[in-house]
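User: Please take a close look at one part of this model for me. I would like to follow a single helix and what its residues take part in.

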Amino acid sequence: VWKWIYNQQFGLLNNLFHTKTAWISDPNIAWLSIAIIGIWSAIGYNMVLFIGGLQEIPHDYYEAALIDGANGWEQFWNITWPLLSPTTFFILQTGIIGALTVFDLMFMVMDKTNVALSKTQSIVYLFYTYSFTENNKGAGATIVVILVLFIMLITFFLQKIEKKFVYHP
């Protein structure tokens, strides 16, 4: 569907805007087009998590704040936001890891002959290229080990940051 939406000759976006933009072939904007697909595909999952987090906030807190004279913004900043911070942090952390490990968007949207592939390929796509296209298993394994170590490092730092900024009841 996204290949059809972004198609240069008969795609939906070019028909709506009356242009002939190469959304996934132009190296300057292909990364943005791929990012839009990734964001779009994650919104539903993230909204389910946020709705679950909102439903876990006791309504008594809002009643007490209303009795104390808090308006909507004060309730949001002093009740909703702090109590949603664990959910927000979880979504941030899994989003970063998901962005680092994206493969399916590259594989399905970008052709191997696409001139923008070198500007948009991910680490996991690079692993796939080395391991299965070029049959260089050593380089592929090295890429994956470095990626795992990098994700572990980022996760370590994010966990340290979480203790400082996330509300823990």
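Analyst: What follows is a look at helix α1 and the parts linked to it. This is a predicted model, in which local features need pLDDT of at least 70, side-chain atom pairs count only at pLDDT 80 or more, and totals for chains, interfaces and linings use all residues. Residues are numbered from 1 along each chain as its sequence is written, and side-chain values use heavy atoms, with hydrogens and water left out.

Helix α1 covers residues 2-6; helices are DSSP runs (H or I) of at least four residues, numbered from the N terminus.

Take Lys3 to begin with. Its side chain meets that of Asp111 in a salt bridge, at 3.3 Å from N to O. The term means a side-chain nitrogen of Lys or Arg within 4 Å of a carboxyl oxygen of Asp or Glu. A search of the whole structure finds one salt bridge. Lys3 lies in helix α1 and Asp111 in the loop between α6 and α7 (117-120), so the pair ties together parts that are 108 residues apart in sequence. Lys3 is partly exposed, at 37% relative accessibility, and Asp111 is partly exposed at 41%. Buried means under 20% relative accessible area, exposed over 50%, and partly exposed in between, with a 1.4 Å probe and protein chains only.

Trp4 also lies in helix α1, and is partly exposed at 42%. Together with Val1, Phe10, Leu12, Leu16 and Phe17, Trp4 makes a nonpolar surface patch of about 670 Å². Such a patch joins nonpolar side chains (Val, Leu, Ile, Met, Phe, Trp, Tyr) within 5 Å, from residues with over 30% relative accessible area and no salt bridge. Accessible areas come from the Shrake-Rupley method with a 1.4 Å probe, and for residues only the protein chains shown count as cover. Helix α2 (residues 12-17) gives the most to this patch, with three residues.

Tyr6 leads to the interior. The largest nonpolar core has 16 residues, and Tyr6, Ile34, Val109 and Met110 have the most contacts inside it. A nonpolar core is a set of buried Ala, Val, Leu, Ile, Met, Phe, Trp, Tyr and Cys residues joined through side-chain atoms within 4.5 Å. Helices α1, α3 (30-55) and α6 (104-109) each supply at least two residues of this core. Leaving aside neighbours within four places in sequence, Met110 is in contact (heavy atoms within 4.5 Å) with Ile24, Ile34, Leu105, Ala116, Leu117 and Thr120.

Notes. Patch = residues over 30% accessible without salt bridge, like charges linked within 9 Å, V, L, I, M, F, W, Y side chains within 5 Å.
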